[in-house]
Amino acid sequence: MTSEPEPQNHDLVLGGQLPSPVSGAVLGGIAGLNRRFEQGNVIQKLVTLVQAAQYEDGLSLLYQALEHENLLVRAEAYTQLKAIAFASSVPSSFVASPILNRGIPLRVGDRIYAVYQSSVSYGDDWYYIHANIAEWYHEDYPLYHTSQDTTGSRFEYMFDTPHNNYEEPSLIAYFFDQTAADARAETAYLKKFEQFNCNICDVSPDGEPEEFDLNIWVESNAVIVEDVLKDWEDSDWTYQARVLTSLHNQKRYDLLREIWQPLGYHPLAFVHEYVIDHPCYLRLTALEM
């Protein structure tokens, strides 16, 4: 533990980097940190927790923050406590609490944003995109798991273990910030184009396309339509298939993303919001390693 705290980037937890501490942030010692935590806004509270983690006397503030009403504050406190517990220079008894074996405390009403990558699987004569969490989904992939801590007390938790089933959406990560979740879903969306295990023209559109002129769009984006699918009969559908195939061959995933849903296809990644309905915990792989 040093005397010059610097905030860390917890993308998984917070979705972004905390601002640097202001000059003189440690003036007043732990009493000053406690005061700033009580009086500050959420961002200021997060910075204060990063600073408190640099002092042995700051542990009480971190444990206090685990019970804060704001989920981001609880998450940051847990993150800092886990970092201290994992530090080789800190005795294992220094941070000893059963809660560190449970996860980030979740309260009723907390919102968790889960990023899923859609599945693309074959059925009958087309490949179909599965881009939603059906009611029965969590029968196969339980949302809550049960365990017990070092005292023998049982508790429920959520865990970000990836689901690998090519017929159903796969969990990528949990976020507390919707903006960060949307950004991660966008990355997964583009990545899915690269991971296609079939010809893109063999994927079936599942919805009604928007009304727009594909020819004008192709011209305005200077798309080079390759001479592919020569054995297909000329039609609007064939032209669309050639455009999609050309963009995929040229790895223009940005343009594919732009027209994918307007053409009636389901999204290749999405964000699903969970509203916590009973007290439990969230365990994130990045914090439990």
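**Figure 1. Overall secondary structure of the predicted model.** The protein has 11 helices and nine strands. Of its 289 residues, 46% count as buried. The accessible surface comes to about 15100 Å². Carbon and sulfur atoms account for 47% of that surface. Many contacts span long stretches of sequence: among those between residues at least 6 apart, 71% join residues at least 24 apart.

**Figure 2. Close-up of the three-stranded sheet.** The strand order is β7-β2-β8. The sheet is open, and its pairing is antiparallel. β7 (170–175) and β8 (269–275) are the edge strands. Each has a single partner strand, so one side of each has no neighbour in the sheet. On average, neighbouring strands here are turned by 30° against each other, direction ignored. As background, strands of a sheet pair through backbone hydrogen bonds, either parallel or antiparallel.

**Figure 3. Strand β2 and its two partners.** β2 covers residues 111–117. Six of its seven residues are buried, so β2 is largely enclosed by the rest of the structure. Seven bridges join β2 to β8. In this pair, R111 stands opposite V275. Further along the pair, A114 has H272 of β8 as its bridge partner. On the β7 side, five bridges link the strands. There, Y116 of β2 is matched with L171 of β7. Both pairs run antiparallel.

**Figure 4. Helix α7 against the sheet.** α7 (178–195) lies across β2, β7 and β8. The helix runs at about 10° to β2. α7 also serves as a packing partner for the buried residues of α9.

**Figure 5. Helix α9 and its surroundings.** α9 spans residues 236–249, 14 residues in total. From first C-alpha to last, the helix reaches 20 Å. That is close to the 20 Å expected at 1.5 Å a residue. How much of α9 is covered? Mostly covered is the answer: 10 of its 14 residues are buried. T238 is one of them, and an unbroken run from Q240 to H248 makes up the rest. In general, an α-helix has 3.6 residues a turn, so residues three or four places apart point the same way. The buried residues of α9 pack against α7, α8 (214–220) and α10 (253–260). Just after the helix, K251 takes a positive phi of about 60°.

**Figure 6. The largest nonpolar core.** This core has 70 residues. Which residues have the most contacts inside it? They are I112, Y174 and W260. Helix α5 (residues 71–86) gives the most to this core, with seven residues. Apart from it lies another core, also of seven residues. Its members include V115, A173, A181 and A185.

**Figure 7. Contacts around W260.** W260 is one of the residues with the most contacts inside the largest nonpolar core. What does W260 touch, leaving aside its neighbours within four places in sequence? Its aromatic contacts include Y189, F193, F196 and Y265. Aliphatic partners include I129, I200, V203, L244 and L268. H266 is also in contact with W260. One of these partners, L244, is among the buried residues of α9.

Conventions. Residues numbered from 1 in each chain as written. Predicted model: local features only at pLDDT ≥ 70, side-chain atom pairs only at ≥ 80, totals over all residues. Heavy atoms only, no water. Helix = DSSP H or I, 4+ residues; strand = E, 2+ residues; numbered from the N terminus. Expected span 1.5 Å × (residues − 1). Buried < 20%, exposed > 50% of the residue type's maximum accessible area, 1.4 Å probe, protein only. Contact = heavy atoms within 4.5 Å. Pairing = 2+ DSSP bridges. Axes fitted to C-alpha atoms, helices over the stretch in contact; angles between N-to-C directions. Areas by Shrake-Rupley, 256 points an atom, 1.4 Å probe, with all protein chains shown as cover. Core = buried A, V, L, I, M, F, W, Y, C linked by side-chain atoms within 4.5 Å.
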